Amino acid sequence: ALSMFGTTVGLYGIPWCKKSLLLTVLMSVIGASMGILDTGGNVLALNTWGSEAGPHMQALHFSFAAGAFVAPILAKMALGGSESKDLPAGGKTNESVPRSVPTAPSASAVSVLKHHFGADFLWSYVVIGTYLLFVSFLFFILYSKGNSARDKSKAASQKGTFAKYHYALIFLLFMFFFWYVGAEVTYGSYIFTYAKVFAEMKDSEAAALNSVFWGAFAACRGLAIFCAACLYPGTMILLSLVGSAVSSSCLVFFASYPASLWVGTAVYGASMATIFPSGISWIEQYTVVQGKSASLFVIGAALGEMFHHVPVVMYTALVTSAVTVLLFPLMYKLANCPGESDLKDRSESEDQTALLSNPGHNGDEE
């Protein structure tokens with residue numbers, strides 16, 4: 001609730017910013033609030049549903065994917081379906097913003113932007129902020145109605161024991177999400193530019209290719225809500241890793257063929273969809289996932305978003321797929337190492353078996 005309220009404050013203030021420093025502060029508030037929301041949402045789902053959080057975790061992250069798919073479409077509609085001729089020459093295209101202005105500011109560019117965006121674009125921040133404010137009030141109401149002591153005891157009772165290699169698992173999953181999210185954001189952010197510059201596609205074709213990636217990503221996350229009810233998280237991760245490895249290999253070696261580029265992009269988006277929520281559900285089966293651990297996962301994912309480069313986007317996808325394929329078996333091996341509680345239970349079971357099978361004791365002594 002607090003994180004969404006902080007995002008609301010930032011969105012309300014952005015349309016009225018006249019100074020770059022104030023805009024930087026507000027954007028920082030929004031970034032920090034979204035980071036808290038990402039971490040808190042995962043922990044809240046785990047604390048609420050425990051070992052049965054798989055489908056709910058997939059639904060949570062499906063909402064992220066659906067928003068990423070719908071947001072550029074809504075932005076395009078809000079901007080009135082602008083074309084490149086409306087802006088000065090030299091602007092480059094991004095998947096979420098129709099056009100960007102040149103890096104060098106000019107009076108003509110500013111006047112074009114004011115005329116192009118208009119008041120509707122600025123008021124869209126207020127509309128989105130109002131929606132978030134309404135949702136944050138709903139969470140405040142839920143919090144006021146709940147018994148915090150009861151919720152904490154319930155969450156504590158659902159928690160298991162720490163794995164033998166708890167910290168090693170947390171670190172490896174941190175690195176796993178670093179490579180995975182880096183590949184996801186790199187490909188999703190620059191497939192449009194890659195299609196135009198290297199594949200020499202038209203704007204409409206490149207935009208359609210970008211929509212194929214995010215559409216397959218969102219659709220597969222929606223399908224994973226139902227698959228998580230009958231498949232183990234480890235099985236879903238394994239299938240996703242195989243799909244991403246195969247599709248990224250095809251994109252590297254056969255990207256010059258249009259059919260391979262379209263099919264590979266769709267398969268790659270579908271393969272990347274379920275890894276993050278399945279990874280959190282998977283680690284919950286073996287060790288305790290607290291707020292600190294979940295925050296490390298989100299930090300690893302956020303760091304992965306910072307490292308990307310356009311010309312090597314296909315090779316980045318292949319390398320990151322290879323790294324995640326190598327990391328998951330190592331995590332699986334460490335997770336299945338017996339902990340102290342398992343060894344103690346096994347020792348007690350062996351002692352009881354030995355006593356019951358000892359012929360030197362009669363029934364009364366037993």
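The legends below accompany an overview and four close-up views of a predicted model.

**Figure 1. Overview of the chain as a succession of helices.** The predicted model contains 13 helices and zero strands, so that, read from the N terminus on, every element in the order α-α-α-α-α-α-α-α-α-α-α-α-α is a helix. Of the 366 residues of the chain, 37% count as buried. Among the contacts in the chain with a separation of 6 or more, 80% are accounted for by residues 24 or more positions apart.

**Figure 2. Packing of helix 1 against helix 2.** Two packed helices are described by the angle between their axes and the distance between the axes. Here helix 1 (residues 2-13) and helix 2 (residues 20-49) pack at an angle of about 155°, and their axes are 8 Å apart. Because angles over 145 degrees count as roughly antiparallel, helix 1 is roughly antiparallel to helix 2, and the crossing in which helix 1 passes helix 2 is left-handed. On the side of helix 1 the contact is made by Ser3, Met4, Gly6, Thr7, Gly10, Leu11 and Gly13, while helix 2 contributes Leu26, Val29, Ile30, Ser33, Met34, Ile36 and Leu37. Sorted by character, the residues of this contact comprise eight nonpolar, six polar and no charged.

**Figure 3. Surroundings of Gln58 in helix 3.** Gln58 is placed in helix 3 (residues 54-78) and counts as buried because its relative accessibility is 1%, under the 20% cut-off. When residues up to four places away in sequence are not counted, Gln58 touches Arg221, Ala224, Ile225, Ala228, Met236, Thr274, Pro277 and Ser278.

**Figure 4. Phe192 in helix 6 and its separation from Asn210.** Phe192 lies in helix 6 (residues 166-197), and its relative accessibility of 6% is the reason why Phe192 counts as buried. Although Phe192 and Asn210 are 18 residues apart along the chain, their C-alpha atoms are separated by 5.7 Å.

**Figure 5. The salt bridge between Lys196 and Asp203.** Side chains of opposite charge can pair when their charged atoms come close. The structure holds one salt bridge, in which the side chains of Lys196 and Asp203 meet with an N to O distance of 2.8 Å. Lys196 is partly exposed, with a relative accessible area of 28%, and Asp203, at 32% relative accessibility, likewise counts as partly exposed.

Conventions: Residues are numbered from 1 along each chain as its sequence is written. This is a predicted model: local features need pLDDT of at least 70, side-chain atom pairs count only at pLDDT 80 or more; totals for chains, interfaces and linings use all residues. Side-chain values use heavy atoms; hydrogens and water are left out. Axes are lines fitted to C-alpha atoms, for helices over the stretch in contact, and angles run from 0 to 180 degrees between N-to-C directions. Helices (H or I, at least four residues) and strands (E, at least two) are DSSP runs, numbered from the N terminus. Angles under 35 degrees count as roughly parallel, over 145 as roughly antiparallel, 65 to 115 as roughly perpendicular and the rest as oblique. A crossing is left-handed if the near helix is turned anticlockwise from the far one by less than a right angle, and right-handed if clockwise. Contact means heavy atoms within 4.5 Å. Ala, Val, Leu, Ile, Met, Phe, Trp, Tyr, Cys and Pro count as nonpolar, Asp, Glu, Lys and Arg as charged, and the others, Gly among them, as polar. Buried means under 20% relative accessible area, exposed over 50%, partly exposed in between (1.4 Å probe, protein chains only). A salt bridge is a side-chain nitrogen of Lys or Arg within 4 Å of a carboxyl oxygen of Asp or Glu.
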